[in-house]
Amino acid sequence: MKFFVDTADTAEIKALAASGLLDGVTTNPSLIAKSGRKITEVIAEICGIVEGPVSAEVAGTEYDQIMREAAVLRAIAPNVCVKLPLTPDGLRACKTLTGEGTQTNVTLCFSAAQALIAAKAGATFISPFVGRLDDIGQDGMELIADIVEIYDNYPALTTEVLVASVRNPIHVIAAAKIGAHVATLPPAVLRMLYHHPLTDKGLAAFLKDWAGTGQTIA
Ligand code: E4P
């Protein structure tokens, strides 16, 4: 399973990239707003840190405007993945951009039917939002299972399932068990994956015993 980090905070991205676990980055207009920076500058900096896909989202909603914004975003770096809304104009742009060899991430997916048409439009990634579905009392992970099952029925569909709106490690493990290709994680959730109290307890005991030997290894 690939891990993307869902943030526009370049200090966080640098720190997480050093872990060797990072396969890409996703941003959205809210995260860019939170960074307080110009989208072209922040995306350029992220693309210099991470080799994998870096999702940069258009703000236009009408085809011509989406395409104008996509031209600016994809010119920033070869690893920019243009993020598009799951609307008729967004999917039309997806089809065009994919045909031109640009990576695309279709966002704000909340149903299997939406995921199916995004794949038919040639999306590189489909982003179903599990946390936001859970928030309204629907099981977000059921949607992931449905999309993976549907895509598996049609090997010609190459779209990867990018689990978004992830809120905790339980989401990550459930998505991995289903076989989703990618999860995009807030930095705090990515860090949580390391932790187990028995690891901390065990390490403390090993280090105490080791200190008692008076040895050094290097
Ligand atoms: C995905 O690409 C989105 O940026 C993100 O996962 C949305 O998460 P949220 O529901 O926590 O805002």
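Trainee: What comes right after H9 in this predicted model, and what is its phi?

Mentor: Gly 179 follows H9, and its phi is positive, near 100°.

Trainee: And at the other end, what makes the link between Asn 168 and Ile 170 a polar contact?

Mentor: At the start of H9, a side-chain oxygen of Asn 168 comes to within 3.1 Å of the backbone nitrogen of Ile 170. The cut-off for such an N or O pair is 3.5 Å, so the pair qualifies as a polar contact.

Trainee: Which residues of H9 are buried?

Mentor: In H9, residues 169–178, they are His 171, Val 172 and Ala 175.

Trainee: How do you know that they line one face of the helix?

Mentor: Look down the axis of H9: the buried residues fall within an arc of 100°, so they line one face. The face turned away from them carries exposed residues, namely Ile 170, Ile 173 and Lys 177.

Trainee: What covers the buried residues of H9?

Mentor: The cover includes strands S1 (2–6), S7 (160–163) and S8 (182–185), along with helices H7 (130–135), H8 (140–153) and H10 (187–192).

Trainee: On to H4 and H5. Why is H4 called oblique to H5?

Mentor: The axes of H4 (residues 63–74) and H5 (residues 88–99) come within 9 Å and cross at roughly 45°. Roughly parallel needs an angle under 35 degrees and roughly perpendicular takes 65 to 115, so H4 counts as oblique to H5.

Trainee: Is that crossing left-handed or right-handed?

Mentor: H4 passes H5 in a right-handed crossing.

Trainee: Which residues meet there?

Mentor: From H4, they include Tyr 63, Ile 66 and Arg 74; from H5, Asp 89, Thr 96 and Leu 97 are among them.

Definitions and conventions
Residues numbered from 1 in each chain as written. Predicted model: local features only at pLDDT ≥ 70, side-chain atom pairs only at ≥ 80, totals over all residues. Heavy atoms only, no water. Buried < 20%, exposed > 50% of the residue type's maximum accessible area, 1.4 Å probe, protein only. Helix = DSSP H or I, 4+ residues; strand = E, 2+ residues; numbered from the N terminus. Arc of directions from axis to C-beta. Contact = heavy atoms within 4.5 Å. Polar contact = N/O pair within 3.5 Å; in protein donor to acceptor, adjacent residues only side chain to side chain. Axes fitted to C-alpha atoms, helices over the stretch in contact; angles between N-to-C directions. Parallel < 35°, antiparallel > 145°, perpendicular 65-115°, else oblique. Left-handed = near helix turned anticlockwise from the far one by under 90°.
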